Amino acid sequence: MSALRSRVEQLLSLADVRLDGDRPWDLHVDDERFHARVLSQGSLGLGESYMDGWWRVPSLDGMLYRMIAADLDQKVHGIGLAIDALRARFTNLQSRRRSFQVGERHYDLGNDLYRAMLGKRLVYSCAYWRDRDGALIDNLDDAQEAKLDLVCRKLGLQPGMKVLDIGCGWGEALKFAAERYGITGVGVTVSREQAAFARELCQGLPIDIRLQDYRELDERFDRSFSLGMFEHVGVKNYRTYFEVAQRCLGDDGLFLLHTIGTNRSVRHTDPWIGKYIFPNSMLPSAAQIAQASEGLFVLEDWHNFGADYDRTLQAWRANVERAWPQLDDRYDERFRRMWRFYLSASMATFRSRHSQLWQLVLSPKGVPGGYVAPR
């Protein structure tokens, strides 16, 4: 047995994962170069070697969950993490000039892929698996509708209100709010594919979809929300983001922020995620959000339903795995392995409670008499 393999076995044992074991989460190595690659490159080497077919495991999310729960990502970093940390320290990775990169490289991959994965509604953020009475929901489409309705109820939407969606995706949230609550809306996105789809989806409704960086916004709305976009803002821009959100609201307005969050403050993302999935992204901590919004907003409500994201991701994976045979040939086997690793690693971070899903309700001046939060 090589010293490198022995070292990998030792690390995996901390997570109750075995090399070539017989349990669903045990890792089977098909290329012995795997050991050196993962020890030298950490998560980047783990993800890339999976994409290259160097190893396999029956339950990918089960294995990654055990590794993340055991904090193995903190024990093996690799040179890539150090380089990313330096880049994040000296460069604004989410500047206006760079802000459209994530749209081009991720959200513009193909609406066919996202339609197959996301279900009836193209809502690319955590679903809410409970109805208004608190009963559990058993399917993705109803859970996404429950999430959109929860957002509208938390904002107290009323007919005729003018609503802003910062990072509007494919337009589903604004469409829902216009049809169910009678609002007019403006949505901004940095994805050309999303903007084109959203304009068609919302045709005939009083909704304006713009291909625009959020920093260019300077007009007044009654309510605003942002669902799954804050992960692309970056710590150097958090204060600017909240300043924009504030200047777009009147004193009696409300802003809902729906974002993934982490338990500790960081200034850059995982190297594999940054290279292959979400360039220039990073997840905020509670401390970073509180500091960036201090003096600009009153925090009315902070709701964590991160455990629901594991279930949402499982539904997305089941959808896309069924759809691969019907999807375009450009989604080749390496792409499918990349996508499988992305979804499974995301499940693992939420299952281990290392990542959270937060919905914050914020008001510029405080709600007179207090805010009562729907659930």
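This report walks through the fold, the cores, one helix, the aromatic pairs and one arginine of a predicted model.

**Overall build**

The chain has 16 helices and 9 strands. Its radius of gyration is 21 Å, close to the 21 Å that the globule rule gives for 375 residues, so the chain is as compact as a globular protein of that length. Along its principal axes, the C-alpha trace spans about 70 × 45 × 40 Å.

Buried residues make up 59% of the 375 residues. The chain exposes about 15,900 Å². Carbon and sulfur atoms supply 48% of that area. Contacts reach far along the sequence: of those with a separation of 6 or more, 73% join residues 24 or more positions apart.

**Two nonpolar cores**

The largest nonpolar core has 68 residues. Trp55, Met63, Tyr124, Trp272 and Trp339 have the most contacts inside it. Helix H16 gives this core its largest share, 10 residues. A second core is separate and has 28 residues, including Leu164, Tyr238, Ala245 and Leu257.

**Helix H4**

Helix H4 runs over residues 60-69. It is mostly covered, with 7 of its 10 residues buried. These are Leu60, Asp61, Gly62, Met63, Leu64, Met67 and Ile68. Met63 is also among the residues with the most contacts inside the largest core.

What lies over the buried residues of H4? The cover includes helices H1 (3-13), H3 (43-51), H5 (72-75), H15 (307-323) and H16 (333-351), along with strand E2 (55-56).

Both ends of H4 have a detail to look at. At the N-terminal end, Ser59 acts as a cap: a side-chain oxygen lies 3.1 Å from the backbone nitrogen of Gly62. Just after the helix, Asp71 takes a positive phi of about 60 degrees.

**Aromatic pairs**

The structure holds 28 aromatic pairs. Two of them are set out here.

| Pair | Distance between ring centres | Angle between planes | Separation in sequence |
|---|---|---|---|
| Tyr128 and Phe305 | 4.9 Å | 70 degrees | 177 residues |
| Phe278 and Tyr342 | 5.8 Å | 80 degrees | 64 residues |

Why is the Tyr128 and Phe305 pair edge-to-face? The planes of the two rings stand at 70 degrees, and an angle over 60 counts as edge-to-face. The planes of Phe278 and Tyr342 are at 80 degrees, so this pair is edge-to-face as well.

Each pair links distant parts of the chain. Tyr128 sits in the loop between helix H8 (111-118) and helix H9 (140-155), while Phe305 sits in the loop between strand E8 (298-304) and H15. Phe278 lies in the loop between helix H13 (271-276) and helix H14 (286-293), and Tyr342 lies in helix H16. Tyr128 and Phe305 are buried. Phe278 and Tyr342 are buried too.

Ring pairs also build a cluster. Its members are Tyr114, Tyr124, Trp170, Phe278, Tyr309, Trp316, Trp324, Tyr331, Phe335, Trp339, Tyr342 and Phe350.

**Arg334**

Helix H16 also holds Arg334. Is Arg334 buried, partly exposed or exposed? At 35% relative accessibility, Arg334 counts as partly exposed. Leaving out residues up to four places away in sequence, Arg334 touches Glu48, Met51, Asp52 and Tyr276. With Asp52 there is a polar contact, side chain to side chain, at 2.9 Å. Tyr50 and Arg334 are 284 residues apart in sequence, yet their C-alpha atoms are 9.0 Å apart in space.

Key: Residues numbered from 1 in each chain as written. Heavy atoms only, no water. Buried < 20%, exposed > 50% of the residue type's maximum accessible area, 1.4 Å probe, protein only. Helix = DSSP H or I, 4+ residues; strand = E, 2+ residues; numbered from the N terminus. Contact = heavy atoms within 4.5 Å. Polar contact = N/O pair within 3.5 Å; in protein donor to acceptor, adjacent residues only side chain to side chain. Core = buried A, V, L, I, M, F, W, Y, C linked by side-chain atoms within 4.5 Å. Rg over C-alpha atoms; globule rule 2.2 N^0.38 Å. Areas by Shrake-Rupley, 256 points an atom, 1.4 Å probe, with all protein chains shown as cover. Phe/Tyr/Trp six-rings, centres within 6.5 Å; stacked < 30°, edge-to-face > 60°.
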